[in-house]
Amino acid sequence: MSKEKKNISKNNFFLDSIIDILLIQKCTNIKVFDLKDNNYTDIAILCNSNSKTQMNASVRKLQLLAKENNKEFNSEGLNSTWVLIEYGSATVHFFTEEAREYYNLEDLYFDSNLVNQYG
């Protein structure tokens, strides 16, 4: 298998693992964007949470996954209406429904490829 194909397989497993956690944690309106021309991150994931408790629990699960896979993990905005996670080559944005409508990050990623959408 070529080096490029190995990286694609690794990234798919990485992305699938993140999405699995979000779905298990009952996050909704999950959108995955491929940011090809972005120097900082390759993937942006936006999702809604029903509460700050749900957000924090999801963050803890992602943090454990990062630790198990030796991935860099940073979080910002815990216990607020918008939590940002930097996780390897992906960013994950958790919002309350009101915060997602207010910040409307989908407009920021308008020129990016919407890879997948859940819920």
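In this predicted model, 40% of the 119 residues of the protein chain count as buried. The accessible surface comes to about 7,500 Å², and carbon and sulfur atoms account for 48% of that area.

What does the chain do to get there? Its secondary structure adds up to three helices and six strands, and if you walk along the sequence you meet them in the pattern α-β-β-α-β-β-β-α-β. The radius of gyration of the protein chain is 14 Å, close to the 14 Å that the globule rule gives for 119 residues, so the chain is as compact as a globular protein of that length. Along its principal axes, the C-alpha trace spans about 45 × 35 × 25 Å. As for how the sequence is tied together, take the contacts between residues at least 6 apart: 56% of them join residues at least 24 apart.

Now for the inside. In soluble globular proteins, nonpolar side chains tend to be buried together. Here, the largest nonpolar core has 24 residues, and those with the most contacts inside it are Ile18, Leu22, Ile45, Ile85, Tyr87 and Phe94. Two or more residues come from each of α1 (3-24), β1 (28-34), β2 (43-48), α2 (52-68), β4 (82-87) and β5 (90-95). Helix α1 gives the largest share of this core, with six residues. Apart from this core lies another one, of eight residues, which include Leu35, Ala44, Leu46 and Ala99.

Ile85 is a good place to zoom in, being one of the residues with the most contacts inside the largest core. Setting aside residues up to four places away in sequence, Ile85 touches Val59, Phe73, Asn74, Ser75, Ala90, Thr91, Val92 and Phe94.

Next door in the sequence to one of those partners, we come to a serine. Is Ser58 buried or exposed? Ser58 sits in helix α2 and counts as buried, because its relative accessibility is 0%, against a cut-off of under 20%. Which residues does Ser58 contact, once its neighbours within four places in sequence are left aside? They are Ile21, Gln25, Cys27 and Phe94. Phe94 is a name to keep in mind, then: it is in contact with Ser58 and also with Ile85.

One last look, this time at charge. The protein chain carries 13 positive and 16 negative charges, and the mean positions of these two sets are 9 Å apart.

Notes
Residues are numbered from 1 along each chain as its sequence is written. This is a predicted model: local features need pLDDT of at least 70, side-chain atom pairs count only at pLDDT 80 or more; totals for chains, interfaces and linings use all residues. Side-chain values use heavy atoms; hydrogens and water are left out. A nonpolar core is a set of buried Ala, Val, Leu, Ile, Met, Phe, Trp, Tyr and Cys residues joined through side-chain atoms within 4.5 Å. Buried means under 20% relative accessible area, exposed over 50%, partly exposed in between (1.4 Å probe, protein chains only). Helices (H or I, at least four residues) and strands (E, at least two) are DSSP runs, numbered from the N terminus. Contact means heavy atoms within 4.5 Å. The radius of gyration is taken over C-alpha atoms; the globule rule is 2.2 Å times the number of residues to the power 0.38. Accessible areas come from the Shrake-Rupley method with a 1.4 Å probe; for residues, only the protein chains shown count as cover. Lys and Arg count as positive and Asp and Glu as negative; His and the chain ends are not counted. The place of a charge is taken as NZ of Lys, CZ of Arg, CG of Asp or CD of Glu.
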